[in-house]
Amino acid sequence: GACAPPLPWGTQELVHLSDDLMLVSSDVQSTDLCGERNTSYEIDTRGWLYLHFRLDGISVDRFSDGSTRTIGSGSFLVGASSRPTAFTRQVLSDVWQAITIAFRPSDTFQNLPVTDAMLPHELRRFRAGDPDVDFLYASPFTADMRAAAGSLLRPAVGGGLRPFYLHAKAVELVCLAIEQVGRPLPQ
């Protein structure tokens, strides 16, 4: 189940931007992110494309193929999995600032002006409506990604305009991530 750390340690917010688009904003300054530090969490992303932008914090993520990666500040992940447990995450830091966007094959992704040549084969399948794909991409994020993720962590707009602002910034991050995934990984 979901949990929200008590203040003053931080916040974690889940926002349903549409039926097929979710945003999770985490800003935690404590070891108590739903439990004790070094606790592992299983994350099921079946049917969803998962984009994670780590502004601050360190974790060890173990993926369904058995690979393990240490993910730190300034990293972003794009993943999809057909397996029940896409990955487990072990949080290693006291600070956790991250933006996560998850979406299913839908108009949001299908209507982006992206050519198939810009996408890896698995993302082309996902975009065409097949949610049963396995894909993982990890890379440092760009300055533009950091700025957009930061504006989602601390939105400049409130009230009735807030949901539209969050949706626009989430789509901005999706666009920046797709552009990055289409480039060769830095050496």
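## Exercises on a predicted model

The buried residues of helix H3 (143-153) pack against strands S2 (21-28), S4 (49-56), S7 (75-80) and S9 (96-103), and against H4. Here contact means heavy atoms within 4.5 Å, and buried means under 20% relative accessible area, with exposed over 50% and partly exposed in between (1.4 Å probe, protein chains only). Helices (H or I, at least four residues) and strands (E, at least two) are DSSP runs, numbered from the N terminus.

This is a predicted model, in which local features need pLDDT of at least 70 and side-chain atom pairs count only at pLDDT 80 or more, while totals for chains, interfaces and linings use all residues. Residues are numbered from 1 along each chain as its sequence is written, and side-chain values use heavy atoms, leaving out hydrogens and water.

**Exercise 1. List the buried residues of H3, then describe how H3 packs with H4.**

Step 1. Start with burial: Met145, Ala148, Ala149, Ser151, Leu152 and Leu153 are the buried residues of H3.

Step 2. Now the geometry. Two packed helices are described by the angle between their axes and the distance between the axes. For H3 and H4, the angle is about 155 degrees and the axes are 9 Å apart. This makes H3 roughly antiparallel to H4. Axes are lines fitted to C-alpha atoms, for helices over the stretch in contact, and angles run from 0 to 180 degrees between N-to-C directions; under 35 degrees counts as roughly parallel, over 145 as roughly antiparallel, 65 to 115 as roughly perpendicular and the rest as oblique.

Step 3. Look at who touches whom: H3 contributes residues including Met145, Ala149 and Leu152, and H4 contributes residues including Leu166, Ala170 and Leu173.

**Exercise 2. Find the best-connected members of the largest nonpolar core, and the helix that gives the most to this core.**

Step 1. A nonpolar core is a set of buried Ala, Val, Leu, Ile, Met, Phe, Trp, Tyr and Cys residues joined through side-chain atoms within 4.5 Å. The largest one has 38 residues, and Leu51, Phe53, Val78, Ile99, Ile101, Phe103 and Leu173 touch the most other members.

Step 2. Helix H4 (residues 162-181) gives the most to this core, with 9 residues.

Step 3. Apart from this core lies another, of 7 residues, among them Phe63, Ile71, Leu77 and Ala86.

Step 4. Zoom in on Ile99: leaving aside neighbours within four places in sequence, Ile99 is in contact with residues including Leu23, Leu51, Phe53, Ala149 and Leu173.

**Exercise 3. Are alanine 170 and serine 82 buried or partly exposed, and what do they touch?**

Step 1. Alanine 170 lies in helix H4 and counts as buried, at 1% relative accessibility. Beyond four places in sequence, the contacts of alanine 170 are Leu17, Ile101 and Leu152.

Step 2. Serine 82 lies in the loop between S7 and strand S8 (87-91). With 27% relative accessibility, serine 82 counts as partly exposed.

Step 3. Not counting residues up to four places away in sequence, serine 82 touches Arg46, Asp132, Val133 and Asp134. Serine 82 and threonine 45 are 37 residues apart along the chain, with 7.9 Å between their C-alpha atoms.

**Exercise 4. How many helices and strands does the protein have, and what percentage of its residues count as buried?**

Step 1. The protein has 4 helices and 10 strands.

Step 2. Of its 187 residues, 43% count as buried.
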